[in-house]
Structures are given as structure tokens and as C-alpha cells.
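Biologist: Could you take a close look at one part of this model, the place where two helices pack against each other, and describe how they are arranged and what makes the contact?

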Amino acid sequence: MLISWGPDPEIFSGFPYFRWYSLFWGAGIYLSFLVMAHIFRRDNRELRLLDQLALNVMIGVVIGARMGHVLFYDPIYYLNNPIEILPFRINPHFEFTGLLGLASHGGVLGGLLALVLFNRRHKIGFYWALDRLVIVGALLGACIRVGNFFNSEIIGVPTDLPWAVVFIRVDAVPRHPTQLYEACYYLMVFFLLYTFWRKNKKTSSGFLTGLGLTLLFTQRFLIEFLKEDQVAFESDLILNMGQILSIPIAILGFILMAVKRKPAPPE
């Protein structure tokens, strides 16, 4: 059995700005906020800080993800067409396009920078916040990958496995549904990290961040072997760009786990 898949990216025909991908992004943000609110309550933190933290981090993630795509995947094109870094183009006529291209590695860096700046002002505790954000980051990642599936993008290499998917908007070749592989994995990591947070209150701040980064980006490195290259120049590389960018983040996560493995000192 093969699954033929190719829904229109627009939820309602004639409404180009209301897309499945945007819906799943929005759903991921909303669910992540609800989980963070629950975590803040259990940790006896002021919910007013969460509103500001969420806004700052999401702005950082979106800007970082966009600039990550621009710099890591297609810098020459955007050097020649800098206006298209924004969500519109003006040649040959004005057209609102949305942000065509977001890179998760850039999103991580953008979110980190936003958290650093937020912590300088509010002294919320950098690792305390990061340990919680990595939990909902996995949840958001799962929602985004479902959005990629609806967009028929980030597709897998050909396969003859019985659950292969034919992305009819792309071609007639049965392929690995790598978006769903990642979505399921990220969801499992979310539940694992959440359970770890619930049951290991004495772990040093930063350990959970390290665990999350290691799990998420080791998987990202491995799943890339089942994906088609996203840009042409990757065909000349031993590892693709996603793998190259995942290695240092996974190593950073492992180092954090090693350094922060001792229980936190009593308060």
C-alpha cells in the first residue's frame, strides 16, 4: 500500500495567507504556551513574566530561523535579492510571500540570544528558563514538522517500504515520510523531557537543556540520511548542511550533561 499525499497548502482556496503550515506553527506556539504556564505555576513563578518571555523568545526564534535559512542555505540568492529576506517580493510586482524558508538551527540561536537579553533585564535564571524552553521546543518542533508534511516539503529519499508516501505535488516517487518520523520523535522527546523535569527536581540547572539538545540534534543528524538535499550545493558535500549544523549543537548538549550531571545544591 502506498499513500498518495498532496493537499493544497491553502486551507481555504482563495485565502493565500491562511495555510496549513501557519496553522500548525500557531498551534505549536499555543500548546507550548499552555505547557509553559503549567510549568510556571508548579515552579511558583510569576505568570506575568511568561507573557514577556514567550514574546521575546518567539520573535528571536522566527528572526533567527529566517536568517539561518538565508545564511546557511541560500546566501548568494539573498545577497542579490535582499528584499526577499522579508515576507514579500517586489519583482516583477509586489507579492506577499510569507517567510519562504526557516532553518531550525538558526531558530535555536535566535531563541538563545533572545533569552540572554531577556535574562539580563529580568534575572529569571538563564538555565532555569532554558531547561523549560527545551521541553516546549520539542513540542513546537513536532507541530512544525506536521506543517512541513502538509506542505509536501523536506521530503524523504525514495523507498519501497509499505508506509511510503507519494508526494503528488512533487513527483510520483514513493518516499520516506521523514516529516512524520521527526514529528513522532520530537513528541516522544517532549514527553521524556517533561517527565524528567517532573521527577528530577534536584538536577542541576542546565542538565535538562543538555539532554534535550543531545536527543534532538543527534536525531536531526541521523534523519538527514533519509532526506533529499534541500539545496543543490549539498550534493557536493560529504554531510549536508543540516548535519554540519547539528554536530556542534549535539556536542554542546553532551558537554552540558557532563558538566551539569551533579545534583543541584540545596536551597
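Modeller: What follows is a description of one helix pair, with a short look at another helix and a loop residue afterwards. The model is a predicted one, and the pair in question is helix H6, residues 178–199, with helix H7, residues 207–223, whose axes lie 11 Å apart and meet at an angle of about 165 degrees. Because angles over 145 degrees count as roughly antiparallel, H6 and H7 are roughly antiparallel to each other, and their crossing is right-handed. On the H6 side the contact is made by residues including Thr178, Tyr181, Tyr185, Val189, Leu192, Phe196 and Trp197, while H7 contributes, among them, Phe207, Leu208, Leu211, Gly212, Leu215, Gln219 and Ile223. Taken by character, the residues of this contact of H6 with H7 comprise 14 nonpolar, three polar and two charged.

Helix H5, residues 126–150, can be checked for its span: at 1.5 Å a residue its 25 residues should cover 36 Å, and its end C-alpha atoms are 35 Å apart, which agrees. Of those 25 residues 21 are buried, so H5 is largely enclosed by the rest of the structure, and just after H5 Ser152 takes a positive phi of about 55 degrees.

Elsewhere, in the loop between helix H3 and strand E2, lies Glu84, which is buried with a relative accessible area of 13%. Apart from its neighbours within four places in sequence, Glu84 is in contact with Arg66, Tyr77, Tyr78 and Arg89, and its C-alpha atom is separated by 8.8 Å from that of Leu100, 16 residues apart along the chain.

Definitions and conventions. Residues are numbered from 1 along each chain as its sequence is written. This is a predicted model: local features need pLDDT of at least 70, side-chain atom pairs count only at pLDDT 80 or more; totals for chains, interfaces and linings use all residues. Side-chain values use heavy atoms; hydrogens and water are left out. Axes are lines fitted to C-alpha atoms, for helices over the stretch in contact, and angles run from 0 to 180 degrees between N-to-C directions. Helices (H or I, at least four residues) and strands (E, at least two) are DSSP runs, numbered from the N terminus. Angles under 35 degrees count as roughly parallel, over 145 as roughly antiparallel, 65 to 115 as roughly perpendicular and the rest as oblique. A crossing is left-handed if the near helix is turned anticlockwise from the far one by less than a right angle, and right-handed if clockwise. Contact means heavy atoms within 4.5 Å. Ala, Val, Leu, Ile, Met, Phe, Trp, Tyr, Cys and Pro count as nonpolar, Asp, Glu, Lys and Arg as charged, and the others, Gly among them, as polar. The expected span of a helix is 1.5 Å times one less than its number of residues. Buried means under 20% relative accessible area, exposed over 50%, partly exposed in between (1.4 Å probe, protein chains only).
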